[in-house]
Amino acid sequence: MSKSPHKMRPSRRPHKPMPEPAAPVSRADKTILWIALVVVLAAIPFSLGKYFEFNSPEPFDGGGYVYSAAHILRGAEIGVDEVPSAQLGTLLVNIAGVWLFGFGDFGPKLMQMLLQAGALILMFVAMRRLFGSIVPAAVGVIVASVYLSAPLIAKYGNVKEQFMIAFMVMGMSCFVLHQLSQKWWLAMLAGGLLAWAPLFKPTGMSAIGAVGLFVVAQPILKHCTFKKAVRDIVLLLAGAAAAMAPLYIWILGWNVKLSVPYAFIWYTLAGFIPTASGTTKAAGDYISSGRKLTPWAEQWPRVLRHYWTLILPVALATGAIIARIGRLIRSRMATKKPQSYEYDRFVLLLAVWWILDMAFVWVSAASYEQYYLPLNASAAMLGGYLVAICHKRAKDSADKGRWIAISAFELLIMIGLSWNIFFGIAKSPYTGTKYPARARGYLQKYREIAAGGKGAWEVVGEYIRDNSQPTDKMYVWGWYPGIYVAAQRFSS
């Protein structure tokens, strides 16, 4: 056999091993990545809101709260030397903040920040557990973060509505988690947190009313037994009693001249006609005097204009209610009943809470912008139902491309509806008059803070502080108690 003319030589190229296939991303890793993304998206408006608040001294109510707290800590007797304008919860938070950080609004604003951060975290946990997915929880917590921090309605930070909202959200989240897990201590915690909400502002009763109606309705709607409903009521009341007991001991035991929490209940139980109680009379006088200053014909367009500026959370909440009603009708009439979900029954709870928040802004004829803060938190949780229904349909659909396109379109709609919150509004929702340029958005507020500058009241206060002795006293005419704080002086 003849030899081949070409001698076979081994190749000098080094052998390259085949690349190993990349390890698939685990479900736990995906969850961590999604949660990290949600944290970032919620933290951006939250951080901006706190930056605005900490750099915006409070000339009005917040200044009065800080002054009362500092005066009391200096030895003023409550009800004698100092009659606070703040309600019990707001007063106590301000006393704690001033005691920790001194005569200024940093302490109360820091406590508000921590309470709100805790509320948003609990909201996310509760919504994720309720809806079984990160998507509705993410939408809810991001919407809440954006709107509760929005310069359009958030004001200066040391705001009673913000404290109240934090306790309502934490209480409602604990209650939802209790309903899902049946852990008794969560029901007690929910009762205690919800009981504190009206101590900042009476409209905190919206969450209590929603929980009360929900618990009573569950056995009637065959979602649980009457025995379980009674147990839930007992646990909620026990938690509320435990949360209120220290306050009663302090006020009654030390004869502090403040109304005890829920004084109107004791007036009623004592056999008095409700309208004869001082609390109810004061509320009636407040409403009637406000109505004289602002007639109904002026109030209703003002409220509707404010609703319009908050169209995204309002639309989410309204859509959730419509979706639930539609599913109920379909389950009654359709031959093939739609699949029921565990979270269907919670629409009643969240819808009543939101509707009450929407209704309570009509109580006062003033319609100040901070009155519209609470409805955003309840709308964010309720809106999660609409997102969950859409997400479930997209997940179960064989046509993924179609639902991806629909989701992208819905995202664009949400961005469009919230555009005014970030880039400002053209007209005043209070008066309806047109601004010279877009105002009161995140963008405008950031530019305002970055430009620096101080209000006339703050300049006056600092001048007095620099040109007087710490022992000197002063008197401010009119409702500018922030001047006392800026001057670091007490009233004569």
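**Surface patches and a buried lysine**

Lys 395 is exposed, with a relative accessible area of 57%. In this predicted model, Lys 395 is found in helix H16, which spans residues 374-396. Lys 395 also contributes to a positive surface patch. The other members of that patch are Arg 27, Arg 128 and Lys 400. Patch residues must have over 30% relative accessible area. The 57% value of Lys 395 is that of an exposed residue.

Lys 201 presents another setting. Its relative accessibility is 13%, and Lys 201 therefore counts as buried, the limit for that class being under 20%. Lys 201 lies in the loop between helix H8 (184-196) and helix H9. Neighbours within four places in sequence were set aside in listing its contacts. Lys 201 then touches Gln 87, Lys 160, Glu 161, Met 164 and Tyr 371. Glu 161 is thus listed as a contact of Lys 201, and glutamate counts as negative. Lys 160, also on the list, belongs to a residue type counted as positive.

A nonpolar patch was also found on the surface. Its area is about 750 Å². Leu 213, Val 216, Ile 220 and Leu 221 take part, together with Phe 226, Ile 233, Leu 237 and Leu 348. Two elements give two or more residues to this patch: helix H9 (205-220) and helix H10 (226-253). Phe 226 lies in helix H10. Phe 226 is exposed, at a relative accessible area of 57%.

The overall fold gives the context for these sites. The protein chain has 21 helices and four strands. Its C-alpha atoms fill a box of roughly 125 × 65 × 45 Å along the principal axes. Of the 492 residues in the protein chain, 47% are buried. Contacts were also sorted by sequence separation. Among those between residues at least 6 apart in sequence, 71% join residues at least 24 apart.

The protein chain exposes about 26,400 Å². Carbon and sulfur atoms supply 67% of that area. Charges were counted over the whole protein chain: 49 are positive and 25 are negative. The mean positions of the two sets are 15 Å apart.

Conventions
Residues are numbered from 1 along each chain as its sequence is written. This is a predicted model: local features need pLDDT of at least 70, side-chain atom pairs count only at pLDDT 80 or more; totals for chains, interfaces and linings use all residues. Side-chain values use heavy atoms; hydrogens and water are left out. Buried means under 20% relative accessible area, exposed over 50%, partly exposed in between (1.4 Å probe, protein chains only). Contact means heavy atoms within 4.5 Å. Accessible areas come from the Shrake-Rupley method with a 1.4 Å probe; for residues, only the protein chains shown count as cover. The place of a charge is taken as NZ of Lys, CZ of Arg, CG of Asp or CD of Glu. Patches are made of residues with over 30% relative accessible area and no salt bridge: like charges are joined within 9 Å, nonpolar side chains (Val, Leu, Ile, Met, Phe, Trp, Tyr) within 5 Å. A salt bridge is a side-chain nitrogen of Lys or Arg within 4 Å of a carboxyl oxygen of Asp or Glu.
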